[in-house]
Amino acid sequence: MEEWFHALGNSVDTIILADWLSARLDRTAAEPMYRQVLELMQQAILTGQLAPGTKLPSSRTLAIDLGIARNTVLHVYDQLTAEGYVNSTTGSGTYVADTAPRDGAAKKAKAGETKAPCTISRRGARLIAQAGVSPKQWGAFMPGVPDVAEFPARTWSRLQARLWKRASPDLLTYAPGGGYRPLRRALSDYLRVARSVKCQPDQIIITTGIHQSIDLAVRLLADFGDRAWVEDPCYWGARSVLQSSGLTLVPIPVDEEGLNPAARDMIEPPRIALVTPSHQYPLGMVMSLARRRALLEFARQHKVWIIEDDYDSEFRYGSRPLSSLQGLDDAGQVIYVGSLGKMLYPGLRMGYMVVPEELVDTFRIGVAELYREGQLMQQAVLTEFILDGHLTSHVRRMRGLYGERRELLINAIRARFGDTLAVRGDEAGLHFVLELPQFVDDRAVAADALAAGVVTRPLVNYFMNRDEALRGLMLGYACVPNDQIAPHFATLADVMEQTIPLVVSA
Ligand SMILES: Cc1ncc(COP(=O)(O)O)c(C=O)c1O
């Protein structure tokens, strides 16, 4: 058959083409005949079975031989013409077009003469090599994930259904730069009260989350090669965004008072400083007031942009959430970024940033220009959710639940290991750190735990300066149902006892 297609040279025998097509058509399939014939003809042309220059049978003849409507064949020919597979000349007929690559590259590749070079960029290669993202995003003891099963889905879907009934074009088109205005108003009220953030609705920019907020801030405020201070250790995602934007990262150690730059770090001020003052990620300390003031003063003097990542401050156990760094900033140097991912559910992909007044237009235009935002319907649902009081009550309820889970996990640790292993950073958030002795390879422990079905993150992975890295396991408790905490910890503890010789049960 294939030889026959070629052998005919200038025109194809209608019967043979019709037989070839018929053998492949599924006349009982749901897929329309037009689509099936079109795809088969395209395939025959791309593989060279129908060679360039071949004259196709008339639509009437092919339709008769295939036993299908002539209109169907006409549609197929029209589509083939529109997509460049064939050329039609009125009165003369329809000919297969020459679609082979012009530069002979295909022939060379076929002959093995050239092999496409791997064109990944250096920053792309570094991003992939240092990737921190886990293949598993749910289950015991995944850090940073709230209990999505507790999300008030019925309330959300009720609000959503109500809004869809009166969906107007301005909710279904692209978002105006900055996002849905009523949401920006609701969030500014919320942030003023809950986080002592000083802002007007205009200063709020809705994004798809903290990753995007940092990306946007860096693109608008820093240039390739600029220096960025990052806490060491820090969140791998923030590090990846900064690094792949071409910034030079300067790891700054943290101590019990938070970011602790040495005198030599100050000599060459960075363009950007990314900090987690309310709950250092991943170790959990709070930046002291003295350090906050020192950082703000340094930023004011040297025109450093501070990005305040306030990712999970709503969940503070035993005391009220702490005030933001932004609330202390009188010089307009702080870009505050937050997320609804931890309060509601991560897959919502919604976050916000609060930018200094003088940058409002820059960010509104920037966000629209770079990401062409949408999701106004979701934003409208969220607005109603907030205004009806559901956000506050859900966060309050989750704070109680996560507090219980945190305690259950600490109790399980104490019951098994007594006080041999310290717990760090458990006053707030969705995770804490279980410290391990310095000689322990925490990556190996985490790998063995994963093989046993328990997710943990090795602390060493969060450090840029690996010589100074503490060893430990990040344990997220928020997404684990109360009754599963002890059994899962028992599995993890068994792994730990096997891999860490000196860790013995209490
Ligand atoms: C410190 C920190 N910042 C930001 C994020 C991500 O936020 P988002 O999901 O809004 O991009 C995380 C997620 O775990 C985090 O731990």
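L56 stands opposite T94 in β3. That pair belongs to β1 and β3, the latter covering residues 93-96, and the two strands run antiparallel over two bridges. Keep in mind that this is a predicted model.

Now widen the view to the sheet around that pair. It is open, it has three strands, and the order is β1-β3-β2. The pairing is antiparallel. Which strands stand at the edges? They are β1, at 55-56, and β2, at 86-89. Each has a single partner strand, so one side of each is left without a neighbour in the sheet. As a reminder, strands of a sheet pair through backbone hydrogen bonds, either parallel or antiparallel.

On to the other sheet. This one is open too, with eight strands. Read the order as β4-β11-β10-β9-β8-β5-β6-β7. Here the pairing is mixed. At the edges we have β4, residues 204-207, and β7, residues 258-259. Each of these pairs on one side only.

Let me pick out one pairing in there. β10 spans residues 334-339, β11 spans residues 351-354, and four bridges join them. They run antiparallel. If you want a residue to click on, take Y336: its bridge partner in β11 is V354.

Next, the ligand. Where does it sit? In the largest pocket. Who surrounds it? Going up in number, we meet G209, I210 and H211, then Y235, Y281, D309 and Y311, and finally S339, K342 and R349. By class, that shell holds four nonpolar residues, three polar and three charged.

Three contacts to show you. Start with the backbone: an N or O atom of I210's main chain lies 2.8 Å from a ligand oxygen. Then the side chains. D309 places a polar side-chain atom 2.6 Å from a nitrogen of the ligand. R349 has a polar side-chain atom 2.8 Å from a ligand oxygen. How much of the ligand is covered? Taken alone, the ligand exposes 400 Å², and the protein buries 91% of that.

Y281 brings me to the backbone geometry. This tyrosine is in the ligand shell, and a cis peptide bond joins Y281 to P282. Omega there is about 10 degrees. P282 itself lies in the loop between β8, at 272-275, and α14, at 289-302.

There is a cis bond at A140 and F141 as well, with omega about -10 degrees. Look for F141 in the loop that runs between α7, residues 122-129, and α8, residues 153-165.

Last stop, S196. Its phi is positive, about 50 degrees, although the residue is not a glycine. And where is S196 placed? In the loop between α10, residues 181-195, and β4. That takes us back to the eight-strand sheet, where β4 is an edge strand.

How values were computed. Residues are numbered from 1 along each chain as its sequence is written. This is a predicted model: local features need pLDDT of at least 70, side-chain atom pairs count only at pLDDT 80 or more; totals for chains, interfaces and linings use all residues. Side-chain values use heavy atoms; hydrogens and water are left out. A residue is near a molecule or strand if one of its heavy atoms lies within 4 Å of it. A polar contact is a pair of N or O atoms within 3.5 Å; within protein, one must be able to donate a hydrogen and the other to accept it, and residues adjacent in sequence count only if both atoms are side-chain atoms. Accessible areas come from the Shrake-Rupley method with a 1.4 Å probe; for residues, only the protein chains shown count as cover. On a 1 Å grid over the protein atoms alone, a cavity is a set of points where a 1.4 Å probe fits but cannot get out, and a pocket is an open set with protein on both sides within 12 Å along at least five of seven lines; lining residues have an atom within 4 Å of a point. A molecule sits in a cavity or pocket if more than half of its atoms lie within 2 Å of its grid points. Ala, Val, Leu, Ile, Met, Phe, Trp, Tyr, Cys and Pro count as nonpolar, Asp, Glu, Lys and Arg as charged, and the others, Gly among them, as polar. Two strands pair if DSSP finds at least two bridges between them.
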